[in-house]
Amino acid sequence: DVTIPYGFWDVYAKATLPVGELGSLAVSGYLDREGIRVPERMRAEAGTSISFDWGSSLLALNFRQALSPSLLLQARAGYTEFRGSFDAWELDRDTQCQDNACGPAGPVRDSSRVVEAQTRTGDLLAGADLTWYRAAHTFRTGVQVDAMRLRNALIRLEDVDERLFPYFDRQSRPVAVALHAEDEWRVGDR
């Protein structure tokens with residue numbers, strides 16, 4: 001008799017195009033959504049309801065081009081995001097229904113929202129790498145920049161002890177810069 005009203009879907013697409021001599025440009029995207037929806041029958045029996053949704057999305061570009069027989073450029077840019085929300089509310093029975101005339105639980109209407117929470121994380125990324133192939137060495141160097149946007153909020157509370165669910169709305173926008181360099185050295189055949 002007990003089921004979890006969970007559902008999801010997702011889609012992924014990618015296209016790669018040749019660019020110049022030995023170069024390529026790839027575009028890819030991803031989208032998914034998941035959630036829990038309480039059916040009307042379960043909401044009526046419990047007198048409460050919840051909605052819990054989350055999902056991710058991504059869009060990315062990757063460029064690869066040989067600049068010479070021994071030098072390779074790779075560049076990338078992309079955006080990814082995660083969003084989630086949680087809502088809970090109490091339900092009131094319709095006062096027009098008397099003596100179970102509307103069924104055993106009677107029709108319900110959404111009344112007071114108790115909790116509304118949201119989370120969102122976004123990341124905008126750009127970077128480039130150069131690889132130089134030599135006889136015994138492979139040199140790699142590159143840079144990457146991440147600009148993030150983070151938000152977590154407990155937005156609405158009605159008739160709930162604030163010590164249990166304190167109101168908050170926190171946002172931040174950190175930026176990270178990374179540089180790297182490496183040398184892979186093949187000393188001999190073994």
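**Exercise 1. Find which residues Asp146 touches, leaving out those up to four places away in sequence, and work out how its charge is placed.**

*Solution.* Start with the contacts: beyond four places in sequence, Asp146 touches Asp123, Leu124, Leu125, Pro174, Val175 and Ala176. Keep in mind that this is a predicted model.

Next, place the residue: Asp146 belongs to strand β6, which covers residues 137-157.

Now look for a partner of opposite charge. Asp146 is buried but has no salt bridge, and the nearest side chain of opposite charge, Arg76, is 8.3 Å away. A salt bridge needs a nitrogen-to-oxygen distance within 4 Å.

Finally, check for polar partners: the side chains of Asp146 and Gln144 are joined by a polar contact of 3.2 Å.

**Exercise 2. Arg76 did not pair with Asp146; identify the acidic side chain that it meets in a salt bridge, and say what the pair ties together.**

*Solution.* The partner is Asp129, with 2.9 Å from N to O. Asp129 lies in strand β5 (residues 108-133) and Arg76 in strand β4 (residues 71-93), so the bridge ties together parts that are 53 residues apart in sequence.

Then compare the two ends with the cut-off for buried, under 20% relative accessible area. Asp129, at 15%, is buried, while Arg76, at 22%, is partly exposed.

**Exercise 3. The structure holds seven salt bridges; describe the one between Arg83 and Glu81, then the one between Arg140 and Glu182.**

*Solution.* Take Arg83 and Glu81 to begin with: their side chains meet at 2.9 Å, N to O. Arg83 is partly exposed at 43% relative accessible area, whereas Glu81 is buried at 11%.

Move on to Arg140 and Glu182, whose side chains meet at 3.1 Å, N to O. Arg140 sits in strand β6 and Glu182 in strand β8 (residues 175-185), so this pair connects parts 42 residues apart in sequence. Both ends count as partly exposed, Arg140 at 27% and Glu182 at 41%.

To finish, widen the view: salt bridges link Arg140, Glu182, Glu184 and Arg186 in a network.

**Exercise 4. Classify the ring pair of Phe52 and Trp54, and find the cluster that holds it.**

*Solution.* There are five aromatic pairs in the count. One of them joins Phe52 and Trp54, with 4.7 Å between centres and 50 degrees between planes. Tilted pairs fall between the 30 and 60 degree limits, so this pair is tilted.

Phe52 is partly exposed, at 34% relative accessible area. For the cluster, add Tyr6, Phe8 and Phe86 to Phe52 and Trp54.

Methods: Residues are numbered from 1 along each chain as its sequence is written. This is a predicted model: local features need pLDDT of at least 70, side-chain atom pairs count only at pLDDT 80 or more; totals for chains, interfaces and linings use all residues. Side-chain values use heavy atoms; hydrogens and water are left out. Rings of Phe, Tyr and Trp (its six-membered ring) pair if their centres lie within 6.5 Å; planes under 30 degrees apart count as stacked, over 60 as edge-to-face and the rest as tilted. Buried means under 20% relative accessible area, exposed over 50%, partly exposed in between (1.4 Å probe, protein chains only). Helices (H or I, at least four residues) and strands (E, at least two) are DSSP runs, numbered from the N terminus. Lys and Arg count as positive and Asp and Glu as negative; His and the chain ends are not counted. A polar contact is a pair of N or O atoms within 3.5 Å; within protein, one must be able to donate a hydrogen and the other to accept it, and residues adjacent in sequence count only if both atoms are side-chain atoms. Contact means heavy atoms within 4.5 Å.
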